Amino acid sequence: MATEQRGLRGKLKKVVLAYSGGLDTSVIVPWLRENYGCEVVCFTADVGQGIKELEGLEEKAKASGACQLVVKDLQEEFVSDYIFPCLRAGAIYERKYLLGTSMARPVIAKAMVDVAKQVGADAVAHGCTGKGNDQAYPKLHVVVPWREWDITGREDAIEYAKKHNVPVPVTKKSIYSRDGNLWHLSHEGDILEDPAKEPKKDMYMLTVDPEDAPNEPEYLEIGIVSGLPVSVNGKELSPASLLKELNQIGGKHGIGRVDMVENRLVGMKSRGVYETPGGTILYAAALELESLTLDRETIQVKDSLALKYAELVYAGRWFDPLRESLDAFMKNITKTTTGSVTLKLYKGSVTVTSRSSPFSLYRQDISSFESGDIYDQADAAGFIRLYGLPMRVRAMLEKGM
């Protein structure tokens, strides 16, 4: 039996493999058995990638040589404990990326370690390439085939799969690398590797082309409590159910397409296209409500820390004490960010049409252009003289006064 023999690279007893059924993880199963002489337990996390992605996985895993497949539904945990904290923090990587893949990795890794303990595994393995940011796992032995094997690309992997009679869902003619979950769907590879080329229209899967979206706008009211979404159009929903509904509505209107060139942790640039319909709607609502509930300096500090928060999440440092400390700050600073925001969705755009909060710092009696008792226009004169004093002193110096 292969599991009783030492492999080409050493001996492990049992390895839990993060398994999607795609090309990379399909060929990793026989590769682990061949190189480490181990049993392979495939683990699949249901983070909302869709029923089609989960269909036939057990048969496929066993056909690849795995001894069993474990599937865990992590959708609610993923949204409430990972997505919503990032949303509350306003975490966006390099101005555009809403961190869909980055947020999913820690919830999958945490569940994977639990499975490893349950089945008595002495190692975990994953199919992330050496070019990505997804290579940090806990204290079990970690096997990362992409750092070890002789397979240099996807076409080599297809040949390896054919050699070992492993069923794979890809052909050499159409090779996109996709990663999907309840938050987003990412696309990489193929013509996208040339940043000068426009994505093909049929590549998109979650969103319709904005040109083909409905000719009438749709209005949505998002209810938020302490920085976290709780309802759509007055209907309270669980975190995962809320996001699913917004994905469906946003996708219909072509919302949430991002095409960007990003800086990977390891130093290279990578072009990716992301579809995040529900997430784009939620970010628009959450940020808008803060315009009522947070003062100027708080917004500035929060925005500066959000950049670091996003960087930590992107770099795979979810469980870092710094990220946890930043999260405590974000939770405290948004405790009064409660209210509702109405948005208009139309052909790929999200426009805010109204916002309200019981904790709003906006006062019409102060902000009105009409004269009022609280704000006296004459009070501005002394303030403006003092505020402009440094510039006046510099001008005097330049003129030799």
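So, a salt bridge here is a side-chain nitrogen of Lys or Arg within 4 Å of a carboxyl oxygen of Asp or Glu. Keep that cut-off in mind, and keep in mind too that we're looking at a predicted model.

With that definition, let's go to Arg105. Arg105 forms a salt bridge with Asp179, and the closest N and O atoms are 4.0 Å apart. That pair brings us to the domain interface, where the rule finds 1 salt bridge between domain 1 and domain 2.

Okay, the domains themselves. The assignment splits the protein chain into domain 1, which is 1-88 + 98-164, and domain 2, which is 177-293 + 336-356. As for the contact, domain 1 puts in 24 residues and domain 2 puts in 29. If you go from one C-alpha centre to the other, you cover 28 Å.

How much area is buried between domain 1 and domain 2? About 2,200 Å², with carbon and sulfur atoms giving 64% of that. On the domain 1 side, the residues that lose the most area to domain 2 are Phe84, Leu87 and Leu98; together they make up 30% of what that side buries.

Now polar contacts. Across this interface the rule picks up 9 residue pairs in polar contact, both partners at pLDDT 80 or more. Which elements give two or more residues to the domain 1 side? Those are α4, residues 75-89, and α5, residues 100-119. The top contributor is α4, with 10 residues. Sort the domain 1 side by class and you get 10 nonpolar, 9 polar and 5 charged residues.

Let's move on to the sheet. It's an open one with 5 strands, in the order β10-β9-β8-β13-β14, and the pairing is antiparallel. At the edges sit β10 (235-236) and β14 (349-356), each pairing on one side only. Further in, take β8, residues 218-225, and β13, residues 339-346: 7 bridges join these two antiparallel strands. If you want a spot to click on, find Ile222, which stands opposite Val341 in β13.

Last stop, back to salt bridges, this time over the whole structure, where the search finds 18. One I'd like to show you is Lys62 with Glu58, whose closest N and O atoms are 3.3 Å apart. Where do those two sit? They're both in helix α3, residues 57-64, and because they're 4 residues apart there, about one helical turn separates them.

That's the tour; happy to pull any of these up on screen.

How values were computed. Residues numbered from 1 in each chain as written. Predicted model: local features only at pLDDT ≥ 70, side-chain atom pairs only at ≥ 80, totals over all residues. Heavy atoms only, no water. Domains from an automatic or database assignment. Contact = heavy atoms within 4.5 Å. Buried area = accessible area lost by both parts, 1.4 Å probe. Polar contact = N/O pair within 3.5 Å; in protein donor to acceptor, adjacent residues only side chain to side chain. Nonpolar A, V, L, I, M, F, W, Y, C, P; charged D, E, K, R; others polar. Pairing = 2+ DSSP bridges.
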